[in-house]
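Me: I am new to reading protein structures and would like a close look at a single part. Could you pick one spot, walk me through its surroundings, and then show me how the rest fits around it?

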Amino acid sequence: MTEPQQMCDWSTRAVNLPEHDSNPIHTDEGARAKGFPAALVAGVTVYAYLSHLPATAWGPGWVSGGGAHVRFRSPVLDGDTVDCVALDGDIVEGRVGGEVRARSEMFRTAPDLPTRPGEALEPYEFVLEQPWLDYGERGGDDHPLYTEQEIAHPVAWLTIANRFFGDQLVNGPWIHVRSIVAHHGVAPLGSTISAEAVVVDRFDSRAGRRAIADVRIHADGALVATLEHEAIIELS
């Protein structure tokens, strides 16, 4: 069996995709109202950049059976050059001007995320269409794997988790701060996606009220991802 390659550094230009405008923090007006200089690029887009490294080094095996624990430390703005730097311990940092803005431990095998009780949210079901495949290309991750194989970019799982927060847990600007994601399979174009989530914790922090949700995602009935997803749902 061929040993996985070591991850290599890679850089890209950050893009603030228009589909995130429903969260005011991703607009200039909404971000400035909260003290930021301009619209924040979505954390899921930054994660797409970080994911370029394990997808390149470890290939389809990571996409179908790996995972990550990503934390977003400070904002990335539209037009920033994001340097994705591989460190020992399968760590990837997203840096802007040398400052660490995001950090992720990449897992070569899926982490164990046990099912926990909590406040059930309304589930989602939809058919996987092209924008879920080319999200990376539109946002700045030029990895060809997803469009070539016609499978969802792994950023899809965090985006679906964000949808639970944006639709059901927040009212106003909010910020995604952390996710643990486990890949259990891939979702091909045209598959039916079903997702369910439970809120397992709510608590206060200096930045505002936070929530943590556990999310499970299936494609045509097969489990493809589980997540622990955390966001600031009410900014101070």
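Reply: Happy to! Let's start at isoleucine 217 in this predicted model. Leaving out neighbours within four places in sequence, isoleucine 217 is in contact with Trp157, Ile160, Ile193, Ser194, Ala195, Ala222, Leu223, Val224, Ala225 and Leu227. Find Trp157 and Leu227 in that list, as both come back in a moment.

Now step back to the group that isoleucine 217 belongs to. The largest nonpolar core has 65 residues, and Ile217 is among those with the most contacts inside it, together with Tyr47, Met106, Trp157 and Leu227. The biggest contribution to this core comes from helix H2, residues 43-58, which supplies 10 residues. Another core, of 8 residues, lies apart from it and includes Ala31, Leu40, Ile175 and Val177. As a general pattern, nonpolar side chains in soluble globular proteins tend to be buried together.

Met106 leads us on to the strands, since strand S5 covers residues 99-107. S5 has two partners to look at. With strand S2, residues 67-72, S5 pairs in the antiparallel sense over 6 bridges. Within that pairing, phenylalanine 72 stands opposite alanine 102 of S5. With strand S4, residues 91-96, S5 also pairs in the antiparallel sense, again over 6 bridges. Here valine 96 has glutamate 99 in S5 as its bridge partner. S4 and S5 form a hairpin with 2 residues between them, and glycine 97 in the turn has a positive phi of about 60°. While you trace these strands, remember that side chains in a regular strand alternate between the two faces of the sheet.

Follow the chain past S2 and you reach arginine 73, in the loop between S2 and strand S3 (81-87). Is arginine 73 buried or exposed? Its relative accessible area is 55%, and the exposed class begins over 50%, so arginine 73 counts as exposed. Even so, arginine 73 touches Val100, Arg101, Ala102 and Arg103, with residues up to four places away in sequence not counted. The C-alpha atoms of arginine 73 and valine 100 are 7.3 Å apart, although 27 residues separate the two in sequence.

The cysteines are worth a look too. How many disulfides are there? The count comes to 0. Cysteine 8 is in no disulfide, and the nearest cysteine sulfur, which belongs to cysteine 84, is 13 Å away. Cysteine 84 is likewise in no disulfide, with the sulfur of cysteine 8 as its nearest, at 13 Å. Their surroundings can be read from accessibility: cysteine 8 counts as exposed at 58%, whereas cysteine 84 counts as buried at 1%.

Finally, let's zoom out to the whole protein. There are 6 helices and 11 strands. The radius of gyration is 17 Å, close to the 18 Å that the globule rule gives for 236 residues, so the protein is as compact as a globular protein of that length. Its C-alpha atoms fill a box of roughly 50 × 40 × 30 Å along the principal axes. Buried residues make up 55% of the 236. Of the contacts between residues at least 6 apart in sequence, 72% join residues at least 24 apart. On the outside, the protein exposes about 10500 Å², and carbon and sulfur atoms supply 48% of that area.

Technical notes: Residues are numbered from 1 along each chain as its sequence is written. This is a predicted model: local features need pLDDT of at least 70, side-chain atom pairs count only at pLDDT 80 or more; totals for chains, interfaces and linings use all residues. Side-chain values use heavy atoms; hydrogens and water are left out. Two strands pair if DSSP finds at least two bridges between them. Helices (H or I, at least four residues) and strands (E, at least two) are DSSP runs, numbered from the N terminus. A nonpolar core is a set of buried Ala, Val, Leu, Ile, Met, Phe, Trp, Tyr and Cys residues joined through side-chain atoms within 4.5 Å. Buried means under 20% relative accessible area, exposed over 50%, partly exposed in between (1.4 Å probe, protein chains only). Contact means heavy atoms within 4.5 Å. A disulfide is a pair of cysteine sulfur atoms within 2.5 Å. The radius of gyration is taken over C-alpha atoms; the globule rule is 2.2 Å times the number of residues to the power 0.38. Accessible areas come from the Shrake-Rupley method with a 1.4 Å probe; for residues, only the protein chains shown count as cover.
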